[in-house]
There are 2 protein chains.
Amino acid sequence: MSLKHAIMVLLETEAGSGYDLLKRFKQRLGFFWQASHQQIYQQLKVMHQAGLIDYSVDNQQGKPDRKIYVMTEAGHKELISWLNQACKPQKINDSLLVKLYGGHLLDTAVLLEEIQAHREQHNKALSIMLEIEQQYQTLSDLERSKLALPFLTLRRGILGEKAWLAWADEVEIFLMTQN
Amino acid sequence: MSLKHAIMVLLETEAGSGYDLLKRFKQRLGFFWQASHQQIYQQLKVMHQAGLIDYSVDNQQGKPDRKIYVMTEAGHKELISWLNQACKPQKINDSLLVKLYGGHLLDTAVLLEEIQAHREQHNKALSIMLEIEQQYQTLSDLERSKLALPFLTLRRGILGEKAWLAWADEVEIFLMTQN
DNA sequence: CGTTAATATGCAATTTTTTGCATATTTTAT
DNA sequence: ATAAAATATGCAAAAAATTGCATATTAACG
C-alpha cells in the first residue's frame with residue numbers, strides 16, 4: 001500500500017491539512033495517483049496512530065478546526081526506507097479494454113461513442129499537461145533543475161496521453177470502416 | 001466493479017473453471033486486467049449466488065472436483081447492460097512515479113536501478129506482444145476479422161509499452177547526466 | 001435576498017482486494 | 001526414486017477503497 005507513501009512525499013516538503021493534501025494530489029500527482037478525500041482523511045488518521053505523522057490544531061474562529069500534519073522522524077525513516085525498496089508492479093485494470101475485447105456483443109456505434117468520450121478526457125488531460133510543460137520551459141535554470149524530477153513525471157503523462165490518442169485513432173478508423 | 005464483467009466477457013464465449021479463467025486472464029487480458037486466483041474463485045462464488053452464472057460439477061477420479069461455470073440468461077443480460085453503460089474512468093496508481101516525484105530524497109543510482117528494472121519488465125512485455133502481433137498477421141482474413149477487437153487491445157498494449165520505453169530513455173539520460 | 005455551488009472536514013458501512021494459509025495431484029529435474 | 005515445482009482449488013482474516021452520509025462556511029449567481 002503506498003497511499004501512505006504518496007502522502008509522505010507530499011508532506012515531506014511542506015506540512016498541511018487533509019484538504020491541502022487533496023489539492024496537492026490533484027495538482028501534482030493527479031495524473032498518476034488518484035485518491036479521494038475520504039481516503040486521505042482516513043489514512044492521515046491511521047498514519048498519526050502509527051506515529052508516522054503528527055499534527056497541530058489550527059483553531060479558526062467559527063470555521064471547523066484544521067489539523068496541520070507534519071512528518072515525524074519515524075515517518076521520514078519509513079519514507080526513505082520505502083523509497084529504497086523496489087516498488088511492486090503497477091496494477092492495471094482498464095475496463096475500456098475489457099469492453100473493447102467483448103465488443104462483438106455490442107453495437108459498433110456505442111463502442112465508437114465510448115471511445116470518443118474517452119478521447120475527449122485524454123485530450124483535455126494532454127492539453128493541461130502541455131500547458132504546464134510550457135510554463136516549465138519559461139522558468140530559470142535554477143527553478144527548472146529544482147523541478148526536474150516532477151517534470152519527468154509530467155513527461156510520462158504527456159507521452160502516455162499521446163500514445164493513447166494515437167491508439168484511439170487506430171480504433172476509430174477500424175470502427176468507422178466497419179459498417 | 002468490473003472484475004465481474006471481465007469474467008463474464010471471458011465466460012460468454014466459453015464455459016470454464018476458475019483456473020481456466022485465471023489462465024484466460026493471463027493470456028488474453030493480462031496486459032490490461034490483473035486478477036489473482038483468490039479474487040477469481042471468490043468472485044465466481046458471489047456471482048453464482050447472484051444468479052449470474054451457473055455451474056456443473058466435473059467429478060474427476062482422485063483429483064478435486066472442478067466447477068465448470070456457464071453464463072445464465074440473467075448474467076448475459078447484466079453483461080450486455082454493463083457494456084452499454086459508459087465505464088467509469090480508469091483509476092491509476094503508479095508508485096514508480098510517486099517515487100520519482102520524491103526522488104530528491106534518494107540516491108540517483110537507486111532511482112536509476114529501479115527504472116532499469118522496470119524497463120526490463122516493459123521490454124519483455126513488449127516483445128511478447130510484438131510476437132502475438134506477428135502471429136496475428138499470418139492469419140487468414142476471416143480469422144483476423146474475428147479477432148479484430150482483441151487485436152486492437154493488443155495494439156493498445158504495444159503503443160503503451162513503446163511510449164513507456166521512450167519515456168524511460170528520457171529519464172535515464174537525465175539521471176545519467178546528473179552526477 | 002435566497003439558492004446553489006464550492007470549500008472543508010470527517011464517520012460508518014459496505015465492498016473489494018490482498019495476504020496468508022491449506023490441500024492434493026501431476027509433471028519435471030536431479 | 002525422490003524432491004521440487006507447477007497445476008488446481010479454495011477458505012478466512014485483514015487491509016484498503018468505495019459509497020453514502022453528515023455538517024458548516026464561504027463565494028457566486030440571479
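These legends describe close-up views of a predicted model of protein chains with DNA strands. Local features need pLDDT of at least 70, side-chain atom pairs count only at pLDDT 80 or more, and totals for chains, interfaces and linings use all residues. Residues are numbered from 1 along each chain as its sequence is written, chains are lettered from A and ligands numbered from 1 in the order in which they are written, and side-chain values use heavy atoms, with hydrogens and water left out.

**View 1. Chain A, fold and overall dimensions.** Chain A has 8 helices and 2 strands. Helices (H or I, at least four residues) and strands (E, at least two) are DSSP runs, numbered from the N terminus. Along the sequence, the pattern reads α-α-α-β-β-α-α-α-α-α. Chain A is more spread out than a compact globule, because its radius of gyration is 21 Å, well over the 16 Å that the globule rule gives for 179 residues. That radius is taken over C-alpha atoms, and the globule rule is 2.2 Å times the number of residues to the power 0.38. The C-alpha trace of chain A spans about 65 × 40 × 40 Å along its principal axes.

**View 2. Chain A, burial, contacts and surface.** Of the 179 residues of chain A, 46% count as buried. Buried means under 20% relative accessible area, exposed over 50%, and partly exposed in between (1.4 Å probe, protein chains only). Take the contacts in chain A with a separation of 6 or more: residues 24 or more positions apart account for 53% of them. A contact means heavy atoms within 4.5 Å. Chain A exposes about 9600 Å², and carbon and sulfur atoms supply 52% of that area. Accessible areas come from the Shrake-Rupley method with a 1.4 Å probe; for residues, only the protein chains shown count as cover.

**View 3. The protein surface near DNA strand C.** DNA strand C is surrounded by 19 residues, the closest being Y19(A), H37(A), Y41(A), R66(A) and M1(B). Sugar and phosphate make up 62% of the atoms of DNA strand C that come within 4 Å of the protein. A residue is near a strand if one of its heavy atoms lies within 4 Å of it. By class, this surface near DNA strand C holds 4 nonpolar, 8 polar and 7 charged residues. Ala, Val, Leu, Ile, Met, Phe, Trp, Tyr, Cys and Pro count as nonpolar, Asp, Glu, Lys and Arg as charged, and the others, Gly among them, as polar.

**View 4. Lysines of chain A at the phosphates of DNA strand C.** A polar side-chain atom of K45(A) sits 3.2 Å from a phosphate oxygen of DNA strand C. For K23(A), a polar side-chain atom lies 3.4 Å from a phosphate oxygen of this strand. The side chain of K67(A) places an N or O atom 3.4 Å from a phosphate oxygen of DNA strand C. Two or more residues of the surface near DNA strand C come from each of helix 2 (18–29), helix 3 (37–49) and strand 2 (66–71) of chain A, and from helix 3 (37–49) of chain B. Helix 3 of chain A gives the largest share, 5 residues.

**View 5. The protein surface near DNA strand D.** Around DNA strand D are 18 residues, of which M1(A), Y19(B), H37(B), Y41(B) and R66(B) come nearest. Sugar and phosphate account for 63% of the atoms of DNA strand D within 4 Å of the protein. A backbone N or O atom of Y19(B) is 2.8 Å from a phosphate oxygen of DNA strand D. For Y41(B), a polar side-chain atom is 3.0 Å from a phosphate oxygen of the strand. Chain A takes part through Q39(A), with a polar side-chain atom 3.2 Å from a phosphate oxygen of DNA strand D. Helix 3 of chain B gives the most to this surface, with 5 residues. The classes near DNA strand D are 4 nonpolar, 7 polar and 7 charged residues.

**View 6. Helix 1 of chain B and its cover.** Helix 1 (residues 3–13) of chain B is largely enclosed by the rest of the structure, because 8 of its 11 residues are buried. The buried residues are L3(B), H5(B), A6(B), I7(B), M8(B), V9(B), L10(B) and L11(B). Their cover includes helix 5 (95–101) of chain A. From chain B, the cover includes helix 2 (18–29), helix 3, strand 1 (53–58), strand 2 (66–71) and helix 4 (73–84).

**View 7. Two arginines of chain B.** R28(B) is in helix 2 of chain B and counts as partly exposed, at 33% relative accessibility. Not counting residues up to four places away in sequence, R28(B) touches Y101(A), L10(B) and E14(B). R119(B) lies in helix 6 (residues 108–137) of chain B and counts as buried, at 17% relative accessibility. With the same sequence neighbours left out, R119(B) touches W164(B), L165(B), A168(B), D169(B) and E172(B).

How values were computed: Polar contact = N/O pair within 3.5 Å; in protein donor to acceptor, adjacent residues only side chain to side chain.
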